[in-house]
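Biologist: I'm new to this one and would like to zoom in on a single salt bridge. Could you walk me through it, then show me what else goes with it?

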Amino acid sequence: MATLGDIGVSALINILSALAFLLAFALLRIQPVNDRVYFPKWYISGGRSSPRQSSNFVGKFVNLNFKTYLTFLNWMPQAMKMSEPEIITHAGLDSAAFLRIYTLGLKIFGPITIVALLVLIPINVSGGTLFFLSKELVVSDIDKLSISNVHPKSIRFFAHISMEYLFTFWICFMLYKEYDNVASMRLNFLASQRRRAEQFTVLVRNVPHVSGRSISDSVENFFKTNHPDHYLCHQAVYNANKFAKLVRKRERLLNWLDYNQLKLERHPDKRPTRKRGFLGLWGERVDSIDFYKQQIKDRDRQLAMERQRILKDPKSIMPAAFVSFDSRWGAAVCAQTQQSKNPTLWLTNWAPEPRDVYWKNLAIPFVSLSIRKLVISLSVFALVFFYMIPIAFVQSLANLEGLEKVAPFLRPLIEMKFIKSFLQGFLPGLALKVFLYILPTVLMIMSKIEGHVALSVLERRAAAKYYYFMLVNVFLGSIVTGTAFEQLHSFLHQSPTQIPRTIGVSIPMKATFFITYIMVDGWAGIASEILRLKHLVIFHLKNMFIVKTERDKLKAMNPGSVDFPETLPSLQLYFLLGIVYAVVTPILLPFILVFFAFAYLVYRHQIINVYNQQYESVAAFWPHVHSRIIASLLISQLLLLGLLSTKKAANSTPLLVALPILTLSFHKYCKNRFEPAFRKYPLEEAMAKDIEERASEPDLNLKAYLTDAYLHPIFHSFEDVELTEVRVDKNRTHNPGTSFDGSHNHIPGPSTSETTSPSPPHSAYHYEDQPPVHTIHHYEFEQQSYNLFHYRAESPSNVYHY
């Protein structure tokens with residue numbers, strides 16, 4: 001069991017690690033060579049230019065302005081300058097709501113920490129029970145600050161019960177206020193949004209097959225019949241996963257062609273060459289530019305053939321479609337009602353925004369979704385229990401005194417002072433962090449297999465799986481396996497009637513392990529997040545060996561986004577630890593408080609300067625945050641109830657029975673009061689928005705605006721579009737031949753291959769308020785023994801290509 005000295009060693013190691021990370025970050029971020037690593041969001045938005053334009057060669061790599069080294073810590077006040085409305089404009093409501101989770105933690109645990117330390121610590125210290133049990137159980141100085149140190153049947157337990165009531169009411173009050181604020185922010189954000197395609201569009205799945213009719217004809221006929229006044233148009237969904245792989249291969253060839261053309265520009269007297277064989281390692285030596293041009297032509301032929309196969313093969317059209325309506329009201333009615341007397345057919349939901357669509361999963365037959373979810377549920381269940389093995393091993397490191405009793409031959413090594421302090425104060429938290437490192441990636445893969453069609457839903461499902469894993473393995477697993485291992489000797493030499501008492505006393509003792517975990521993960525781990533060491537190394541390695549063109553340089557920045565599948569469950573674990581141990585072992589609370597304050601500062605900086613969110617779910621994750629904090633409250637109440645029952649507090653324990661009932665009633669009220677704002681779109685709001693739009697734009701051609709919003713990637717131009725896993729992705733890339741207006745909107749520049757045509761546009765996602773300009777790009781690929789194929793792409797202002 002870790003002592004105060006061991007915790008001190010751990011705190012020193014983690015504080016020094018955090019300070020080292022922060023100092024390294026402060027110095028690395030002001031170097032011109034690292035500018036794209038620490039400010040990628042501003043490069044993507046066009047708000048920052050490279051500082052490496054210095055005429056001095058050294059100045060392109062190293063900051064020679066020594067005054068900036070004196071103010072290298074100014075990133076901290078700068079991170080706090082941007083107001084919340086500015087953050088919403090700059091990074092979206094998801095980012096602002098994510099930061100509010102940290103401020104909620106500060107609001108909850110700030111007052112609780114003060115009260116618990118002033119009231120409960122003196123009561124616990126003066127108990128003295130563990131002094132008499134020290135020969136039976138493994139205890140430490142920190143355990144003497146917990147509720148375990150209070151005598152059985154003591155009247156002091158009324159103080160703990162009173163604090164549990166007080167803390168519960170305070171947490172519920174703060175949760176209610178925050179839920180109300182976030183729900184209002186969501187509705188205001190939706191009301192203030194300009195016209196967006198997803199406001200008018202519904203995703204329809206499980207379209208029944210009708211003999212003699214195509215899926216597209218069935219969709220059109222059904223909605224013209226059942227929504228005659230509001231149906232506008234629809235987009236079919238194709239199984240084009242093979243097509244997407246070919247597009248990615250073509251993109252790699254195009255990068256190599258760009259690279260060799262740049263080499264030729266730098267050295268016009270020497271044309272680049274390569275060998276025809278695998279990876280250019282053997283075979284006839286040929287001209288590289290001609291080789292890659294021929295490879296791209298061959299790939300274009302394959303793409304054209306695959307595209308025609310998809311369009312002609314009825315089996316390639318999935319029983320799903322994106323259906324658009326002429327009003328938000330019409331879309332809301334369709335999305336929120338049952339369409340058929342058979343509830344398993346014509347299933348409608350709000351369509352994700354185009355950049356949020358995970359196209360690959362739209363090709364999964366609806367019938368297989370239930371089977372997939374069942375298989376994944378069983379797999380997650382098995383994974384949780386498989387991880388019990390490393391968790392138990394970590395707990396053996398955390399309880400070396402217990403290990404000495406079971407394995408005395410290890411005592412000489414364990415008793416070395418520094419090794420003992422390191423193993424107990426630092427290694428357990430680090431080992432658990434390592435074991436959990438790959439888990440979010442595995443859970444995200446499982447969520448993709450389940451078949452969800454939106455990235456935001458995928459991330460929320462992965463976060464839910466990770467939360468259950470953290471709850472069972474990290475929290476309950478650490479308590480149960482650690483307690484059983486630590487108290488093994490005592491269990492084997494006492495009567496069965498005494499075992500519940502021993503477990504009840506020893507549960508609070510796991511606070512020492514969680515303190516070390518908080519310091520490793522919440523202090524040093526958060527500091528490493530702002531350093532972005534992995535991204536820094538990968539960026540420079542790519543620049544040295546992979547980056548060949550400006551396009552590659554933009555990709556190499558890899559700003560990433562808020563990692564919801566990992567960050568949200570970790571946050572919820574900290575809420576759980578703080579709420580459970582607030583009454584049981586209050587000394588843990590200051591460590592929690594430091595985490596929330598430090599993480600808030602770091603993530604504020606990252607959201608402003610680094611992260612570029614892939615989608616905007618309008619804070620759709622907040623109901624999950626709220627419900628899991630409520631679950632933490634219930635767990636804390638039940639654990640305290642069980643703990644007091646082992647302390648023979650028969651007079652005071654019944655007072656706690658009402659608390660879970662009150663908490664569940666509060667949760668049910670909040671669910672009915674606020675959750676509909678996150679699940680449905682009020683018809684009143686939809687109609688008001690429609691009336692306002694018709695008054696301001698009476699001549700709006702909404703059909704032209706929506707026709708191509710959910711255009712399947714197979715219709716996109718090979719030249720302008722990069723497909724990743726067959727999903728829409730909004731990349732505001734500042735390519736040659738393009739410019740940005742004052743709002744950083746993407747404006748395609750003139751092209752030698754473009755002509756105009758009155759035919760309808762075919763591949764753009766519109767955010768503009770005016771009807772789109774019907775300008776067409778024709779991309780022509782001459783094929784030997786093939787027809788000429790035209791790939792169209794619209795080019796009005798304010799168009800985001802994806």
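Biologist: Let's start with E675: is it buried or exposed, and what is its relative accessible area?

Modeller: E675 is buried, with a relative accessible area of 15%. Buried here means under 20%, exposed means over 50%, and partly exposed is whatever falls in between, using a 1.4 Å probe and protein chains only. Before we go on, keep in mind that this is a predicted model, where local features need pLDDT of at least 70 and side-chain atom pairs count only at pLDDT 80 or more, while totals for chains, interfaces and linings use all residues. Residues are numbered from 1 along each chain as its sequence is written, and side-chain values use heavy atoms, with hydrogens and water left out.

Now for the partner. E675 forms a salt bridge with K671 (a side-chain nitrogen of Lys or Arg within 4 Å of a carboxyl oxygen of Asp or Glu). The closest N and O atoms of this pair are 3.2 Å apart. K671 itself is partly exposed, at 39% relative accessible area. Some salt bridges share partners, and in this way R195, R328, D690, E693 and E697 are joined into one network.

That's part of a bigger set: the structure holds 19 salt bridges. Take R100 and E84, whose closest N and O atoms are 2.9 Å apart. R100 sits in helix α7 (residues 93–125) and E84 in helix α6 (residues 84–91), so the salt bridge ties together parts 16 residues apart in sequence. Helices (H or I, at least four residues) and strands (E, at least two) are DSSP runs, by the way, numbered from the N terminus. In this pair R100 is buried, at 12% relative accessible area, whereas E84 counts as partly exposed at 29%.

Another one to look up is E353 with R196, where the side chains meet at 2.7 Å, N to O. E353 is in the loop between β6 (347–350) and α14 (359–362), and R196 is in the loop between α9 (157–192) and β1 (201–205), so this pair ties together parts that are 157 residues apart in sequence. Both E353 and R196 are buried.

Those two loops bring us to β6 and β1, and from there to a sheet. β6 and β1 belong to an open sheet of four strands, in the order β2-β5-β1-β6, with antiparallel pairing. Two strands count as paired if DSSP finds at least two bridges between them. The edges of this sheet are β2 and β6, each of which pairs on one side only.

Let's finish at the β2 edge. Strand β2 covers residues 231–238, and seven of its eight residues are buried. Six bridges join β2 to β5 (residues 317–325), and the two strands run antiparallel. If you'd like one bridge to find on screen, pick H234: its bridge partner in β5 is V323.
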